[in-house]
Amino acid sequence: MSTSPARGVELGPTLRRLRVEAGLSGPQAARLAGAGLSQPLISRIERGYRVPTAKQISALCKAYRADTETRAALVATAKALEASTTSSRIILQNPRRLQQRIMQMEQASRVLRSFQTTTVIGQAQTPAYAEAITEPDFRGEKRTEAVQSRLKRQELLDSGREFILLHTEGALRWHLVGPELMAEQLEHLVELSRRPNLRVGVIPWDRPTTIYARHTFHLYDSRAAIVTTESGMAVITDPVQVAVYDRRFAELEAISVFDDEARAVFQHLADEYRALRSKV
């Protein structure tokens, strides 16, 4: 088996396949690997309920006699999914590294879900919108890198992965730069919503609800979540905490509209923005 590190891998299924190919049972793998691994822990890792550390990945790959390329890909994915907090200072200094890390997490997942309260979600942004939304602190090459990295992540839309992107109507009414840019962005959402692997939803402002949104978050299968705030970004892999966001996303999805209903909202907003051209 050979897996390119640049593409990322799914940890659980890949590790299970390696174990089966090595002819090992769960208990045998645990005894050979060491590194604090037990049969129940290996089972949870293979089913996606636990993210292994890079050390555990290395130990398992050694026990399974995995090739160097596969081991490197698995270790890189594990590091990308490790729980951590990134401060805004580090984000601003390393925009390309941040986008690459997010890309690794996306590449390691089959179902990607995002909820956004203030802007259009990255996978759905037009180049002009991506340029406008990039932090003003970025200058010159850093700004170019940040925009290009953000747009490069959209290549995953053609990978066969499933995407569910939820916006509040308020996020789409945040008037960024000018009406022409926003109208173009909303019409882009109309087109994206027709893709078979992409569900673009919106929570209309006139739909009452008993829940409220505290912040933006993104889910990678049901194994990891990224929570973004004004001051930074947190990567969460603890199963109990991820489950909280899993449930909240289900609640938000239930009050969203999709397909023709969503397209009607997007087009209506695009028309409203175009009507503003003479007033701006």
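## Long-range contacts and helix packing around α4

Let's start with the contacts: among those in the protein with a separation of 6 or more, 75% join residues 24 or more positions apart. The model you are looking at is predicted. It has 13 helices and seven strands, and 49% of its 280 residues count as buried. The protein exposes about 14,100 Å², with carbon and sulfur atoms supplying 50% of that area.

**Two helices against α4**

A good place to look is helix α4, which spans residues 54-64. Two packed helices are described by the angle between their axes and the distance between the axes. Here are those values for α4 with α1 and with α2.

| Helix pair | Axis separation | Angle | Handedness of crossing |
|---|---|---|---|
| α1 and α4 | within 9 Å | roughly 30 degrees | left-handed |
| α2 and α4 | 9 Å | about 110 degrees | right-handed |

Take α1 and α4 to begin with. Their axes cross at roughly 30 degrees, and angles under 35 degrees count as roughly parallel, so α1 and α4 are roughly parallel to each other. On the α1 side the contact is made by Leu-11, Leu-15, Leu-18 and Arg-19, and on the α4 side by Ile-57, Leu-60 and Tyr-64.

Helix α2, residues 26-33, packs on α4 at about 110 degrees. That angle falls in the range of 65 to 115 degrees, so α2 and α4 are roughly perpendicular to each other. Here Ala-29, Leu-32 and Ala-33 of α2 meet Ala-59, Leu-60, Ala-63 and Tyr-64 of α4.

**A closer look at Arg-19**

Arg-19 lies in α1, which covers residues 11-21. Is this arginine buried or exposed? Arg-19 has a relative accessible area of 12%, and the limit for buried is under 20%, so Arg-19 is buried. Leaving aside residues up to four places away in sequence, Arg-19 touches Leu-24, Ser-25, Gly-26, Ala-29, Glu-46 and Tyr-64. One of these neighbours also offers a polar partner: a polar atom of the Arg-19 side chain lies 2.9 Å from the backbone oxygen of Leu-24.

**Ala-108, in a loop**

Now move along the chain to the loop between α7 (95-107) and β2 (111-116), where you will find Ala-108. With a relative accessible area of 1%, Ala-108 is buried. Which residue lies 113 residues from Ala-108 along the chain, with its C-alpha atom 9.0 Å away? The residue is Asp-221.

Terms used:
Residues numbered from 1 in each chain as written. Predicted model: local features only at pLDDT ≥ 70, side-chain atom pairs only at ≥ 80, totals over all residues. Heavy atoms only, no water. Helix = DSSP H or I, 4+ residues; strand = E, 2+ residues; numbered from the N terminus. Buried < 20%, exposed > 50% of the residue type's maximum accessible area, 1.4 Å probe, protein only. Polar contact = N/O pair within 3.5 Å; in protein donor to acceptor, adjacent residues only side chain to side chain. Contact = heavy atoms within 4.5 Å. Areas by Shrake-Rupley, 256 points an atom, 1.4 Å probe, with all protein chains shown as cover. Axes fitted to C-alpha atoms, helices over the stretch in contact; angles between N-to-C directions. Parallel < 35°, antiparallel > 145°, perpendicular 65-115°, else oblique. Left-handed = near helix turned anticlockwise from the far one by under 90°.
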